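Thanks for coming. I have one chain to show today, and I will go through it in a few minutes. Please have a look at it first.

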Amino acid sequence: MNKTLKMLFVDNPYIAEQVCAFCSTLSEFREAEREFNAVSEQIAEKLGQELYLDFEEAQSWYMAKLVNAYYLFGLGLRQEVLSALQPKVS
């Protein structure tokens, strides 16, 4: 059971695709994405493409780690619920 849960919540190769599909249904997300892209283009024009890409890569790496921390924190809360429902799950 532990392997199944790990696959479902942590090692699931479809998470990114599913999150992307979900986000595309949220008008507020799409609006934020459009605004981000517009501002990104402006910054790239002012800083130059190479420096902007360096910045974007560093920011993306940082944000991925931050989002992953929130995700794993949420999994910890879910694990408490699963453990309460099925004490054999650790």
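Which helix gives the most to the nonpolar patch? H3 does, with three residues. The model is a predicted one, and what I say about that patch is read from the predicted coordinates. The patch covers about 310 Å² of the surface and is made by Val39, Ile43, Leu47 and Leu51. Leu51 lies in helix H4, residues 49-85. With a relative accessibility of 47%, Leu51 is partly exposed, because that class runs from 20% to 50%.

Now H3 itself. Helix H3 spans residues 27-47 and has the highest mean pLDDT among the elements of the chain, 96. The lowest, 68, belongs to helix H1, residues 2-9. Where pLDDT is low, the predicted coordinates should not be read in detail. For the chain as a whole, the average pLDDT is 83, and 77% of the residues score at least 70.

How many residues does H3 have, and how far does H3 reach? There are 21 residues in H3, and the distance from the first C-alpha to the last is 30 Å, close to the 30 Å expected at 1.5 Å a residue. After H3 comes Gly48, with a positive phi near 100°.

Next, the aromatic residues. Searching the whole structure gives one aromatic pair. The partners are Tyr52 and Phe55, with 6.2 Å centre to centre and 50° between the planes, and the pair is tilted. That class applies because 50° falls between the 30 and 60 degree cut-offs. Both residues sit in helix H4, three residues apart, which is about one turn of the helix.

Are Tyr52 and Phe55 buried or exposed? Tyr52 is buried, because its relative accessibility of 5% is under the 20% limit. Phe55, at 42% relative accessible area, counts as partly exposed.

Tyr52 also lets me go back to H3, by way of Glu41. Glu41 is found in helix H3, and with a relative accessible area of 53% this residue is exposed, since the class begins over 50%. In sequence, Glu41 and Tyr52 are eleven residues apart; in space, C-alpha to C-alpha, they are 9.2 Å apart.

Last, the chain overall. The secondary structure comes to four helices and zero strands, so read from the N terminus on, the order is α-α-α-α. Of the 90 residues, 10% count as buried, and Tyr52 is one that is buried. The accessible surface of the chain is about 7800 Å², and 63% of that belongs to carbon and sulfur atoms.

To go back to the start: the nonpolar patch is made by Val39, Ile43, Leu47 and Leu51, and H3 gives the most to it. That is what I have; questions are welcome.

Notes:
Residues are numbered from 1 along each chain as its sequence is written. This is a predicted model: local features need pLDDT of at least 70, side-chain atom pairs count only at pLDDT 80 or more; totals for chains, interfaces and linings use all residues. Side-chain values use heavy atoms; hydrogens and water are left out. pLDDT is the predictor's confidence in each residue, from 0 to 100. Helices (H or I, at least four residues) and strands (E, at least two) are DSSP runs, numbered from the N terminus. The expected span of a helix is 1.5 Å times one less than its number of residues. Patches are made of residues with over 30% relative accessible area and no salt bridge: like charges are joined within 9 Å, nonpolar side chains (Val, Leu, Ile, Met, Phe, Trp, Tyr) within 5 Å. Accessible areas come from the Shrake-Rupley method with a 1.4 Å probe; for residues, only the protein chains shown count as cover. A salt bridge is a side-chain nitrogen of Lys or Arg within 4 Å of a carboxyl oxygen of Asp or Glu. Buried means under 20% relative accessible area, exposed over 50%, partly exposed in between (1.4 Å probe, protein chains only). Rings of Phe, Tyr and Trp (its six-membered ring) pair if their centres lie within 6.5 Å; planes under 30 degrees apart count as stacked, over 60 as edge-to-face and the rest as tilted.
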